[in-house]
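The following exercises are to be worked through with the sequence and the coordinates at hand. Each task is followed by a solution in steps.

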Protein chains: 2
Amino acid sequence: MSHDLDLIFAALSDPTRRAILEMLLEDDMAVTDVAEPFEMSLAAISKHLGILTRAGLIVQEKRGRVKWCKLDPSAIRASSVWMQGFGQFVELDLDGLERFLAQELPQD
Amino acid sequence: MSHDLDLIFAALSDPTRRAILEMLLEDDMAVTDVAEPFEMSLAAISKHLGILTRAGLIVQEKRGRVKWCKLDPSAIRASSVWMQGFGQFVELDLDGLERFLAQELPQD
DNA sequence: GCTTTGGTCAACCATTTGGTTGAATAACGA
DNA sequence: TCGTTATTCAACCAAATGGTTGACCAAAGC
């Protein structure tokens with residue numbers, strides 16, 4: 001129970017940070033590359049990444065002078081689990097979830 | 001796509017508001033009753049309920065002088081759908097979800 | 001009618017948030 | 001070694017957040 005829902009949901013409440021997470025869904029990225037599409041300073045993006053890291057949504061690993069960012073499943077899962085507490089609501093979307101998975105994930 | 005993830009996740013990031021949602025999971029409640037377990041003014045709770053309402057997480061309906069609060073599934077579902085975009089992570093919990101549903105929901 | 005009950009509104013306050021800039025640090029490439 | 005690239009740090013700022021109090025309004029109850 002080490003995941004702090006306060007931090008996780010607060011991190012997810014910012015559109016820039018959600019966009020970053022979606023970018024990282026495609027591939028791990030360096031901080032500079034994460035910042036590129038945004039019209040905002042590198043320092044601001046660095047702060048956002050710090051918030052995502054503290055929330056446990058991503059991990060950052062420094063190799064050389066480049067700091068790589070990648071998604072960390074566990075926090076997303078923690079918040080997902082909390083939402084499942086609202087089973088009577090989430091269950092209604094199980095079919096949609098299955099459809100989504102079947103459609104989006106290559107069946108390798 | 002009328003649901004604003006900014007508002008939803010910001011609303012969920014506060015522990016008082018999450019606690020309120022969990023209370024409402026059991027039953028619809030009047031504002032005063034929602035406030036009762038918290039050590040905080042009624043006005044503060046009223047604000048929290050306003051935030052939850054604006055986020056679409058609850059609906060409030062006034063009957064007489066009593067304002068009833070109840071969960072609104074749609075916003076929870078909207079955020080849940082966003083999380084499903086992280087399918088490669090959420091899928092890992094499908095088994096857990098099924099277990100949860102099987103265990104928590106009476107099979108009527 | 002009054003008084004109580006249920007709830008919001010307005011003004012205020014301290015803290016946090018999301019951004020800026022400029023300087024600092026660290027590692028590469030020539 | 002020197003300049004460049006990658007990233008953070010520190011100080012600052014405006015705006016938003018989460019709480020308070022006291023006044024206010026509307027619906028019951030006596």
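**Exercise 1.** In this predicted model, determine which element supplies the largest share of the surface near DNA strand C, and how the residues of that surface divide by character.

*Solution.* Step 1: helix 4 of chain A gives the largest share, five residues. Step 2: the elements that each supply at least two residues are helix 4 (42-54) of chain A and, from chain B, helix 3 (31-35), helix 4 (42-54) and strand 3 (66-71). Step 3: 22 residues surround the strand, and the closest are A:Ser41, A:Lys47, A:His48, B:Thr32 and B:Ser46. Step 4: by character, the residues of this surface comprise nine nonpolar, six polar and seven charged.

**Exercise 2.** Establish which parts of DNA strand C face the protein, and identify polar contacts to bases and phosphate.

*Solution.* Step 1: sugar or phosphate accounts for 64% of the strand's atoms within 4 Å of the protein, and bases for the rest. Step 2: on the base side, a side-chain N or O atom of A:Arg65 lies 3.3 Å from a base nitrogen, while one of B:Arg65 lies 2.8 Å from a base oxygen. Step 3: on the phosphate side, a polar backbone atom of B:Val31 is 3.2 Å from a phosphate oxygen.

**Exercise 3.** Test whether the end-to-end distance of helix 5 (residues 73-84) of chain B agrees with its expected span, and list its buried residues.

*Solution.* Step 1: at 1.5 Å a residue, the twelve residues should span 16 Å. Step 2: the end C-alpha atoms are 16 Å apart, which agrees. Step 3: the buried residues of this helix are B:Ala75, B:Ile76, B:Ser79, B:Ser80, B:Trp82, B:Met83 and B:Gln84.

Conventions. Residues are numbered from 1 along each chain as its sequence is written. Chains are lettered from A and ligands numbered from 1 in the order in which they are written. This is a predicted model: local features need pLDDT of at least 70, side-chain atom pairs count only at pLDDT 80 or more; totals for chains, interfaces and linings use all residues. Side-chain values use heavy atoms; hydrogens and water are left out. Helices (H or I, at least four residues) and strands (E, at least two) are DSSP runs, numbered from the N terminus. The expected span of a helix is 1.5 Å times one less than its number of residues. Buried means under 20% relative accessible area, exposed over 50%, partly exposed in between (1.4 Å probe, protein chains only). A residue is near a molecule or strand if one of its heavy atoms lies within 4 Å of it. A polar contact is a pair of N or O atoms within 3.5 Å; within protein, one must be able to donate a hydrogen and the other to accept it, and residues adjacent in sequence count only if both atoms are side-chain atoms. Ala, Val, Leu, Ile, Met, Phe, Trp, Tyr, Cys and Pro count as nonpolar, Asp, Glu, Lys and Arg as charged, and the others, Gly among them, as polar.
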